[in-house]
Structures are given as C-alpha cells and as structure tokens.
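Subject: Structure for you to look at, with notes

Dear colleague,

I am passing on the structure we spoke about, and my notes on it follow below the entry. Please read them with the coordinates open beside you.

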Amino acid sequence: MSTVAHTKTKPGFHKTAETVEAGAKTLPQRYFVSPDVFAREQEEIFAKQWVLVGHQSQISKAGDYFVANVANESLIIVLDQKSTIRGFYNVCRHRGTRLREDRSGHASAIQCPYHAWTYALDGRLIGAPHMDEVPGFNKADYSLNAVNLALWEGFIYVNLAESPAPLEEWFAPLAGKFSHWNLPTLRSAKRIEYDVRANWKLLFENYSECYHCPGVHPMLSKVSPYDSAENDLTDGPFLGGFMRITKGNSLTMSGNSCALPVGDVSSEDFHRVFYYSIFPNMLLSMHPDYVMVHQLWPQSPDRTLIYCDWFFHPEAAGAGQPGETGITDPGYKFNPEDAIEFWDMTNKQDWHVCELSQQGIASRAYEPGPYSSRESIPAAWDREYLRQME
C-alpha cells in the first residue's frame, strides 16, 4: 500500500521523483462497467502479456499439476519427469475435449476422459487407441499445444501471444532487485480465495496508496503509518516501494515476528514492508518474515477473483529457537496464522471499500475525480493501463 514519499531514502534505494500530473483524474466510468472494455482487456492485456499463474513450489514432484484459466483459456501447468515446468492448453488433440477438470493433482500421464488419448508429462502423445489403423497417422504430429511459460523469481508466468518478447526482457527493470528475498525457495503455508464484487483495476489502485489507511485500516495504521512510504518504482508496469514498521517486529496480530526471516534481509529492512504491483495481475508484499502474494483474475466488469498466498522460509516450521534469527526480538515462534489473520482482516477491509467504489462508479452521478498528492502511484498505474490498452 505504497504512497507518495516525503522523506529521504536510504543509500542504494534509488527513489525517483514522484508527482501527480496536473489535472490527473480517475478513469472514466466505462473502464469499470463496460462489457466491451472488459473484453478488450482480456484480449489486449491478459492474452498478450506475461501473466502470473502460480509458484514453482505448487508442483514440487514430477507429475504434480494445476489448472489455470487465462483470458478464457484453460491451461495445464505440470512438472515433467525431467523436473521441467511445462504449460499446455487443456485441449485434447483428438476432438478437443477438455483433459483435466480438477484444479490440481498428480498423474503419471495426461489422459483424455473421452477416447483415452494419452499424453506424456512433456506433452507427447503416447497412446491413441485404434489410431494405428489410420493411414498416415503419426503420434509425433499430435502433441499437446504448448503455451509460452517462464519463471521469474520462482513464480510461474504464461503468455498466450504467438511470439511474445522473452520474460527476461519484460522483467529487466527488476533484474536482481529481489534476489536477496529468496523468493524461489519459499513455500506457501496458506491460500485464501476472495470473490470481490469490484473491477480489478480498483483493487490495483487500492493497493497502490495508503491515503485511505487511517479510516479503513486502523490497526495497520498504528503499526505502519500511512505517511511513512518511500517509492522507488514510480512509472511503468512495476510500481511501489516500502513502508515502515514502527511498532513491533512484523505486521501480525501480535506484532511479533512469526517465522524465520525469508531471506538475507538487512537489519534496516527488518522494520520495513515492501509493496510492489506487477502488471497485470500480481501484488507482491514482502515482509521480513513472510511474503504475501495476490493474484488478480478479472471475471467480469464488476467481479474479480483474488488468490492470496502467504509464503514462508522452507525451514520456518522446524526452526525458531530464541536468539537464532538475528532479529532484535528474543526469538520467535512459528505462527503463520498470526500474519494470515492480520492480512485477512486487512484484505477484507480493502475489498469492502473497493465494492463500495464499484457501486458508486456505476451511478449516473459518477464523474472522474482528481487524484491527491498521495495517489501518484494509482495515477501512474492508470497511465500504464491506458498505454497497454491503446
């Protein structure tokens, strides 16, 4: 929930100037209510950009898979026998039947439920009953259709475009920026799914400012003041910075650290929470002792599914002797629920005001309103969104 900064940054934190352009206002009503705009977003953004679908820890053994839905396409994300993560369209090459109905699971092969065409985990067709009797039929011609897939810091991204720019180029501005957080090694302790009756853009805009925090998040504001932010990414598809923890050691219900540090976090960063929005569907919140990730999945102009995961150090559950963590607090007890409960409460507060915003924007009385000096990041997000659309 980063906002405009009013203090100097630490050495090495390369903050750039933040301003709200003169006359900058919220988006017109049609961007939040129009089915035509929603359809364009699916085609121009979600079907053409690199989109987050999960984390490599979700498929840790060969044969593990999960199904993701991107721009009205169902995809199978699977770990093959050579420990390579692959993505395929969830479509049989025989008569187009959907292959997997379940959301996740484990299988030694992928078999069609209709006529039992069977595919290896790398997508090769390995079984097709009675097709050997068809002249000219060759299994090698009927592998599953692959989707572009790549990893960034352990997170799995897909792109439905025919020949997209490599993921490394898209994420070049973030190269090495988060490596000391050890994101690829973390493990999710909990996922909560939220069904929010609000446009997906309102959720991004809400995440990107803390102008609303004193009234909406009284508990959060006590431990992390809304005016304590410093942003270092202020334009383009990656936006955000950090806010200070001024009371306690972590953003938890107790205020205490609830796990091992997630990475090589400097002593200064033990008192900071980093918030970044990554276009088009990732919200990345990095705390000293856990990382929270939101995936946003637009369902309609006024409905968004949100998957929220809480990631912890892979050894957190088996560690935690007092004095061993390097935290000034005398040790900790692994208690992921302390963090989960805090943010589940805060998330629901955010989703409620976003739903109120959606209801108001749908009114004939709505007109775009002016952004304040504390809303430079939402204004920047709007600019990037319009650039992607137009």
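Which residue in E10 is the bridge partner of Leu-151? Before the answer, one caution: this is a predicted model, and everything that follows should be read with that in mind. The partner of Leu-151 is Ile-156, and this pair belongs to a ladder in which 5 bridges join E9 to strand E10, residues 155–159, with the two strands running antiparallel. The wider setting is an open sheet of 3 strands in the order E1-E10-E9, with antiparallel pairing. Its edges are formed by strand E1 (51–55) and strand E9 (148–152), each of which pairs on one side only, and the twist from one strand to the next averages 30°.

A second antiparallel pairing may be worth your time, since strand E3, residues 73–79, is joined to E4 by 5 bridges. Within this pairing, Ile-77 stands opposite Gly-87 in E4. E3 and E4 form a hairpin with 5 residues between them, and in that turn Ser-83 has a positive phi of about 65°. Strand E4, which covers residues 85–89, is mostly covered, with 4 of its 5 residues buried.

Turning to the pockets, the largest has a volume of about 520 Å³. Its lining is made up of 24 residues, and those that lie nearest its centre are Val-67, Ala-68, Asn-69, Trp-297 and Tyr-307. Two or more lining residues come from each of helix H2 (35–46) and the strands E2 (64–70), E5 (104–106), E11 (187–196), E16 (291–300) and E17 (303–312). Of these elements, E2 gives the most, with 6 residues. By residue class, the lining of the largest pocket divides into 13 nonpolar, 8 polar and 3 charged residues.

The second largest pocket holds about 390 Å³ of space. It is lined by 17 residues, of which Thr-26, Leu-202, Glu-205, Ser-357 and Glu-375 are the closest to its centre. Here the elements that give two or more residues to the lining are both helices, namely H4 (200–207) and H7 (336–361), and the largest share, 4 residues, comes from H7. The lining of this second largest pocket divides into 9 nonpolar, 5 polar and 3 charged residues.

Both of these helices deserve a closer look. H4 is mostly covered, in that 8 of its 8 residues are buried; the buried residues include Lys-201 and Glu-205, which are charged by class, as well as Trp-200, Leu-202, Leu-203, Phe-204, Asn-206 and Tyr-207. Leu-202 and Glu-205, already named among the residues closest to the centre of the second largest pocket, are thus also listed among the buried residues of H4.

In H7, I would draw your attention to Thr-346. Is this residue buried or exposed? Thr-346 has a relative accessible area of 0% and therefore counts as buried, the cut-off being under 20%. The side chain of Thr-346 reaches the backbone oxygen of Phe-342 at 2.9 Å. As a general point, an α-helix has 3.6 residues a turn, so residues three or four places apart point the same way.

With best wishes,
A colleague

Conventions. Residues numbered from 1 in each chain as written. Predicted model: local features only at pLDDT ≥ 70, side-chain atom pairs only at ≥ 80, totals over all residues. Heavy atoms only, no water. 1 Å grid on protein atoms, 1.4 Å probe; cavity = no way out; pocket = protein on both sides within 12 Å on 5 of 7 lines; lining within 4 Å. Points joined across faces, edges and corners; volume = space filled by probe spheres on them. Pairing = 2+ DSSP bridges. Axes fitted to C-alpha atoms, helices over the stretch in contact; angles between N-to-C directions. Buried < 20%, exposed > 50% of the residue type's maximum accessible area, 1.4 Å probe, protein only. Polar contact = N/O pair within 3.5 Å; in protein donor to acceptor, adjacent residues only side chain to side chain.
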